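Let's work through a few short exercises together. Keep the structure open beside you and take each solution one step at a time.

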Amino acid sequence: MKKIFYQKYGWLALLVLLIAVNFIAAKFHYLADLTKEKRYTLSNATRQTIQQLQEPVYIDVFLKGDFPAGFKKLSNSTLEFLQLLKDVNSSKIIYRFITPEEDIPGTTKKYADSLQALGASPINLSVQIKGGQKQQMIYPVALAKYKDRFSLIELYSGAKRIITQDEINNAEATMEYQFVKTIDELSSEKKPVIAYATGNGEPTGPETFDFRQAVQQRYRLNTFDLSQQKFISPDIDVLIITKPTIQFTDEEKLKLDQYVMHGGKIIFLVDALVAEQDSLQFKPETIAYDRNLNLADLLFRYGVRINPDLVMDLQCDFLPFRVGGSNENPQFEFLRWNYYPVFQSRSTHIINRNLGLVCSRFVNSIDTVSAENVKKTILLSSSPNSRIISTPALISLNENKITPEDSKFKSDNIPVAVLLEGKFTSLYRNRLGVAAKDSLQKLGLPFKESSEENSKIIVVADGDIMLNDFTQATGPLYMGWNKYTYQAYQNGDEAGKYFIPYANRNFILNCLEYFTNKPGIIETGNKQIILRMLDPKKINLQRSLWLLVNIALPVLLIILFGLAYQRIRKNRYSR
């Protein structure tokens, strides 16, 4: 080293060497992931998706600012993950962190306004500053742009002001899935085809506006009249049946059955009972009774049964009830309405990972039944304070005049949404005539008694989960939003601050993503980050030992190293 210093161009050579080392270090990173769950290792599907990008992906993360510790940790985790993506394809991953209150360049509009228009739900925080406190809206989302397409990425789907360590771990565990599935959707030229079934009284008006808006960003959405079409094309990736009111014929059920047998995927959102809130506007009570949709045998063959009953839950949404005043000046108060259960998923399935609360209306219970080669996963279920009432059921507004008897709400985990996966058996096995089989053969879809490949079905015992309210003042709302509580929330009323956005939209989109995403990408959502807590008993018993190891041992090693170095140096230069 000394020889280099004394040469004519030694310092220049050393400078060039330092620049070269820094350049190589900036271009090539090496990360040794020693964590058991491979926390910092990208899956092969993620690497392949990033490497195949033809154009840059621009990612804006709206987590810049002075946040509480939980959101700061989430911001740092997002930064670390985006750097991992950039290491795979540095020229195609471009990211930045933005404050939502900044103005969009070239306009007077703030990023926050655009985020709300795209469906992002802010979290209202009270942040401590020098002068006291200020209200700050946090948007734990990112916006990915590819060519002329863009999509929101939710980094944290909850609505709590304080994120627990478990929630941070869950958000970090699903971060890879959230980013890679969004990038894959944006970069794919062919969009999956989603068909919205009609012909059996399914709603098609403004109550489906938010669903159409949410789905059209990522999928090709078509309507499909089941009563008019001769068969369901295998080119349809997912068929959605939402709140039918007209009985299904055997011919229509055969179309559904054979669609599943040929690998099709269906989402059933079915109200087994006639029970509508609108009926209570004209009189204070109504009777809930069976719709008789003629779907029971088909769903039973696939592994579930929707019961003709109603689930009531103390964990529920609010409605305004008249509690006093005069006819000219009535007094209203928001009270819980037990017929509007709010579900918090207990499943760790990718559809439910980090999912918020899902609101429903007049929901039925579901039983799982034996079905060979079919795996069943409960997606949504009731709280520990729920009950079931049989039909015919009397629904009365007067029920809210008295406090519900908690002793009646003792049921727990009543299933209301179930995922079915596997090889299904046809309802018409050994039942279909030769003429019907010949007709299917002529259509190019030969009759199958069972599905040869694994297929998927989701059954939800409430159609309102996918529908939206609307008002004259605001127009269509988001799925699951109650128009009464929404107005209180938007107006900043004292009662409104307790209302939070529901995750119905995310639940439906998660179901569609699970049905249409590539298997390798879906697997990235199964990553789990385990929070390993210290054992308090061992800490107390071995306190002295670990204090010695963590404090005294490093100092002792440094002293020993110094002594050894001095000894070696003395021996070398004493000769």
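**Exercise 1.** What share of the contacts in the protein chain with a separation of 6 or more comes from residues 24 or more positions apart?

*Solution.* Start with the setting: this is a predicted model. The protein chain has 575 residues, and 45% of them count as buried. Its helices number 15 and its strands 25. Now for the share: residues 24 or more positions apart account for 76% of those contacts.

**Exercise 2.** Find the order of the strands in the open sheet that contains β12, and say which strands lie at its edges.

*Solution.* First, read off the order: three strands form the open sheet as β11-β12-β21, with antiparallel pairing. Next, look for strands that pair on one side only; these are β11 (273-274) and β21 (393-396), the edge strands. Then zoom in on β12 (residues 285-290), which is joined to β21 by four bridges. As an example, Ile287 has Leu394 in β21 as its bridge partner.

**Exercise 3.** Decide how helices α4 and α6 are oriented towards each other, and describe their contact.

*Solution.* Begin with the general idea: two packed helices are described by the angle and the distance between their axes. Here, α4 (residues 69-88) and α6 (residues 165-187) pack at about 40 degrees, with axes 10 Å apart. Angles under 35 degrees would count as roughly parallel, so α4 is oblique to α6. Their crossing is right-handed. Finally, inspect the contact: among its residues are Leu74 and Phe81 of α4, and Met175 and Phe179 of α6. By class, the contact has nine nonpolar, three polar and three charged residues.

Conventions: Residues numbered from 1 in each chain as written. Predicted model: local features only at pLDDT ≥ 70, side-chain atom pairs only at ≥ 80, totals over all residues. Heavy atoms only, no water. Pairing = 2+ DSSP bridges. Helix = DSSP H or I, 4+ residues; strand = E, 2+ residues; numbered from the N terminus. Axes fitted to C-alpha atoms, helices over the stretch in contact; angles between N-to-C directions. Parallel < 35°, antiparallel > 145°, perpendicular 65-115°, else oblique. Left-handed = near helix turned anticlockwise from the far one by under 90°. Contact = heavy atoms within 4.5 Å. Nonpolar A, V, L, I, M, F, W, Y, C, P; charged D, E, K, R; others polar. Buried < 20%, exposed > 50% of the residue type's maximum accessible area, 1.4 Å probe, protein only.
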